[in-house]
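Colleague: Please choose a single part of this model and take me through it closely, in terms that a first-year student can follow.

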Amino acid sequence: MNITIKATKYKLSPETEALIEEKLAAPLRLLGDESDRALLEIEIEDAPPEGRSSEPVRLVARLTIDGNVFYSEAVKPTPESAADRVRSERVRW
């Protein structure tokens, strides 16, 4: 499986990057042999405040398998909570 993580207007620490990758890549192990053909693109960026936090982040995940694209996104106060939300949406893919 190929995984790319892109940070836009966001200072992404190596620890946070590893945590996001771990949370979002783990469910893909269920794909078995198909995981070799999967591409997971993750983008994280600062998002405009929505009243809950002064520093929310937006996390977008695009999973491409054999030409099929699955998309999920979340705006949360922390990268970790955004990754959790995206992961829970991806389970429904």
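Modeller: Helices (H or I, at least four residues) and strands (E, at least two) are DSSP runs, numbered from the N terminus, and by that reckoning the protein has two helices and four strands. This is a predicted model, in which local features need pLDDT of at least 70 and side-chain atom pairs count only at pLDDT 80 or more, while totals for chains, interfaces and linings use all residues. Residues are numbered from 1 along each chain as its sequence is written, and side-chain values use heavy atoms, with hydrogens and water left out.

Along the sequence the elements come in the pattern β-α-β-β-β-α, and the part I have chosen is strand β2, which covers residues 38–46. Two strands pair if DSSP finds at least two bridges between them. Strand β1, residues 2–8, runs parallel to β2 and is joined to β2 by seven bridges; on this side, Thr8 stands opposite Glu45 of β2. Strand β3, residues 57–65, pairs with β2 in the antiparallel sense, over nine bridges, and here Ile44 stands opposite Leu59 of β3.

Strand β2 also belongs to a β-α-β unit, together with β1 and helix α1 (residues 14–25), and this unit is left-handed. A crossover is called right-handed if, with the strands pointing away from the viewer, the path from the first strand over the helix to the second runs clockwise.

As for the whole protein, 33% of its 93 residues are buried, meaning under 20% relative accessible area with a 1.4 Å probe and protein chains only (exposed is over 50%, partly exposed in between).
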